[in-house]
Amino acid sequence: AVVSTQSTGGRYTSACVTVRNIPRTVFILPRDKHPDTGEDIKMLDVYQEFNDVVAPKYKISKFQSKPSSKKFAWNVKGLDVPYESEYLEVRYSSEFGPLPFNIEGKTFSRVFGTT
C-alpha cells in the first residue's frame, strides 16, 4: 500500500491510500436452458464459454474459477435473479480490465461484481 498525506500548518488535511494487486472477483449466473438448443446448462458449459469466448475477448489471459452457492439479497421488480443459486466464481488479476456491467452470454444471464 502507498500512503500519501498533505499537511497545512502542522495539521493533516487529506490522505490517499493506494492498494495494489487486489484480484477482481465476479459471479456468473448460469441460464436454466441454452437459448439455441433448449438443453439444461451445466456449470462446465458456463466455464467453457467464459474460457473460450469472454476471457479472450476481454484479454483475460489468466483466471481461477470454482462453483459457488450464493444468495441474492435484493428483491427488485423485473430483475430475474433467483434468491439462491449456483454461480461460477471467477477471480482474475486487476491488471486486466473489468467486464462490462451488462455482459451476458449463451450459457449465462448476468455477471455480478463487474464494477
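This is a short walk through one protein structure, from its overall layout to its core, its aromatic pairs, its salt bridges and a few single residues.

Before anything else, please keep in mind that what we are looking at is a predicted model. The protein has one helix and six strands, and, read from the N terminus, these elements follow the order β-β-β-α-β-β-β. Of its 115 residues, 27% count as buried. If we take the contacts with a separation of 6 or more, residues 24 or more positions apart account for 60% of them. As for the surface, the protein exposes about 8,400 Å², and carbon and sulfur atoms supply 50% of that area.

Let me turn to the interior. In soluble globular proteins, nonpolar side chains tend to be buried together. Here the largest nonpolar core has 17 residues, and those with the most contacts inside it are Ile28, Phe50, Ile60, Val90, Tyr92 and Leu99. At least two residues of this core come from each of strand E3 (24-30), helix H1 (43-57), strand E5 (84-92) and strand E6 (108-112), with H1 giving the most, namely four residues. There is also a second, separate core of five residues, which includes Phe27, Leu29, Phe72 and Tyr87.

Phe50 deserves a closer look. Leaving aside residues up to four places away in sequence, Phe50 touches Ile28, Ala55, Pro56, Ile60, Phe63, Val90 and Leu99. Why does Phe50 count as buried? Its relative accessibility is 1%, and the limit for buried is under 20%.

That residue leads us to the aromatic rings, where a search of the whole structure finds four aromatic pairs. One of them is formed by Phe50 and Phe63, which meet edge-to-face, 4.8 Å centre to centre and with 80 degrees between the planes. This pair links distant parts of the chain, since Phe50 sits in helix H1 and Phe63 in strand E4 (residues 63-71), 13 residues apart. Together with Tyr47, these two residues form one aromatic cluster.

Another pair involves Tyr87 and Phe112, whose ring centres are 6.0 Å apart and whose planes stand at 70 degrees, so this pair is edge-to-face. Because Tyr87 lies in strand E5 and Phe112 in strand E6, the pair ties together parts that are 25 residues apart in sequence. As to exposure, Tyr87 counts as buried at 2% relative accessibility, whereas Phe112, at 24%, counts as partly exposed.

Now to the charged side chains, for which the count comes to four salt bridges. Glu104 and Arg31 form one of these, with 3.1 Å from N to O. Since Glu104 lies in the loop between E5 and E6 and Arg31 in the loop between E3 and H1, this bridge ties together parts that are 73 residues apart in sequence. Glu104 counts as exposed at 53% relative accessibility, while Arg31 is partly exposed, with a relative accessible area of 23%.

The side chains of Lys106 and Asp36 also meet in a salt bridge, at 2.7 Å from N to O. Lys106 is in the loop between E5 and E6 and Asp36 in the loop between E3 and H1, so here the parts tied together are 70 residues apart in sequence. In a further bridge, Lys33 pairs with Asp40, and the closest N and O atoms are 2.6 Å apart. Lys33 is partly exposed, with a relative accessible area of 47%, and Asp40 is partly exposed at 46%.

I will close with some single positions. Asn21 has a positive phi of about 65 degrees although it is not a glycine; this residue is in the loop between E2 and E3 and is exposed, with a relative accessible area of 72%. Lys59, likewise not a glycine, has a positive phi of about 55 degrees, lies in the loop between H1 and E4, and is exposed at 64%.

On the surface, Val17, Val19 and Ile22 make a nonpolar patch of about 280 Å². Val19 is placed in the loop between strand E2 (11-18) and E3, and at 52% relative accessibility Val19 counts as exposed.

Finally, is Thr114, in the segment after E6, buried or exposed? At 8% relative accessibility, Thr114 counts as buried, and, apart from residues up to four places away in sequence, Thr114 touches Val26, Pro98, Leu99, Pro100 and Phe101.

Terms used
Residues numbered from 1 in each chain as written. Heavy atoms only, no water. Core = buried A, V, L, I, M, F, W, Y, C linked by side-chain atoms within 4.5 Å. Buried < 20%, exposed > 50% of the residue type's maximum accessible area, 1.4 Å probe, protein only. Contact = heavy atoms within 4.5 Å. Patch = residues over 30% accessible without salt bridge, like charges linked within 9 Å, V, L, I, M, F, W, Y side chains within 5 Å. Areas by Shrake-Rupley, 256 points an atom, 1.4 Å probe, with all protein chains shown as cover. Phe/Tyr/Trp six-rings, centres within 6.5 Å; stacked < 30°, edge-to-face > 60°.
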